[in-house]
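Please open the model in your viewer and keep the selection panel at hand. The stops below are meant to be taken in order.

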Amino acid sequence: MFGRSANQDQKPHEQPLPSTSHATPPQPPSPPAFPLPSQQQQPAGNQQSPTSTSIIGDDLAIVGQKITIVSQSRVHINGNIQGDINGKEVVVGRSGKVTGVVTAHSVSVEGEVDGAIRGSSVTLTSTARVEGDIHHRTLSIAEGAHFDGRVRRPKDDAELSPNLDVASLTAASTSN
């Protein structure tokens with residue numbers, strides 16, 4: 001059945017070689033959906049890229065005396081902070097709670113703030129709970145937001161600017 005035939009003149013069956021005229025070049029592997037840390041471009045020097053966001057997760061609590069958090073870009077707070085926050089943009093998320101002064105060019109509150117808010121643009125969403133004074137250039141308070149405090153529009157915009165210079169904050173805290 002599967003033996004050799006008696007005819008020894010037959011040539012063994014040869015496999016045809018693939019045609020090179022229609023072959024497609026091998027494709028490089030597709031990049032991952034999220035770049036690996038080694039593939040991400042790092043900004044020059046010690047500066048953050050303008051679109052970077054620092055996130056304080058809902059499982060994180062920062063507690064202490066005279067704590068000041070400084071962000072050169074955007075910071076999103078979902079956890080609990082007992083201290084002051086200075087940044088270009090600060091978002092207090094729904095699960096976030098800040099006990100201290102929040103100062104930024106843009107402040108958006110979805111969670112709780114127990115302390116003063118200083119910002120050129122301040123937004124309280126419908127889930128916001130704020131107990132403290134708000135110093136602002138523009139203010140938006142959504143229906144349903146809880147706010148207990150005073151609202152003030154300063155004459156000098158410098159009062160609304162966050163101090164993003166870590167060296168001056170460090171010098172001020174060590175001299176006290």
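Begin by selecting glutamate 89, which in this predicted model has a relative accessibility of 29% and so counts as partly exposed. Add arginine 74, which is likewise partly exposed, with a relative accessible area of 29%. The two side chains meet in a salt bridge, with an N to O distance of 3.2 Å, and this pair ties strand β3, which holds arginine 74, to strand β5, which holds glutamate 89, across 15 residues.

Next, show the backbone of these strands: β3 and β5 run parallel and are joined by eight bridges, one of which pairs serine 71 with glycine 87 in β5. Extending the selection to β7 brings in a strand that runs parallel to β5 and is joined to it by seven bridges, with serine 108 in β7 as the bridge partner of valine 91.

Now colour the largest nonpolar core, which has 21 residues and in which Ile77, Ile85, Val90, Val109, Val113, Ile117 and Leu124 touch the most other members. Strands β3 (68-77), β5 (84-92), β7 (102-109) and β9 (117-124) each supply at least two of its residues, and β7 gives the largest share, namely four. Centre on valine 90, whose contacts beyond its neighbours within four places in sequence include Val75, Ile77, Ile85, Val102 and Val107.

Finally, move to arginine 137, whose salt bridge with aspartate 157 has its closest N and O atoms 2.3 Å apart. Arginine 137 lies in strand β11, whereas aspartate 157, 20 residues away, sits in the loop between β13 and α1 (166-175). Aspartate 157 is partly exposed, at a relative accessible area of 44%.

Key:
Residues are numbered from 1 along each chain as its sequence is written. This is a predicted model: local features need pLDDT of at least 70, side-chain atom pairs count only at pLDDT 80 or more; totals for chains, interfaces and linings use all residues. Side-chain values use heavy atoms; hydrogens and water are left out. A nonpolar core is a set of buried Ala, Val, Leu, Ile, Met, Phe, Trp, Tyr and Cys residues joined through side-chain atoms within 4.5 Å. Buried means under 20% relative accessible area, exposed over 50%, partly exposed in between (1.4 Å probe, protein chains only). Contact means heavy atoms within 4.5 Å. Two strands pair if DSSP finds at least two bridges between them. A salt bridge is a side-chain nitrogen of Lys or Arg within 4 Å of a carboxyl oxygen of Asp or Glu.
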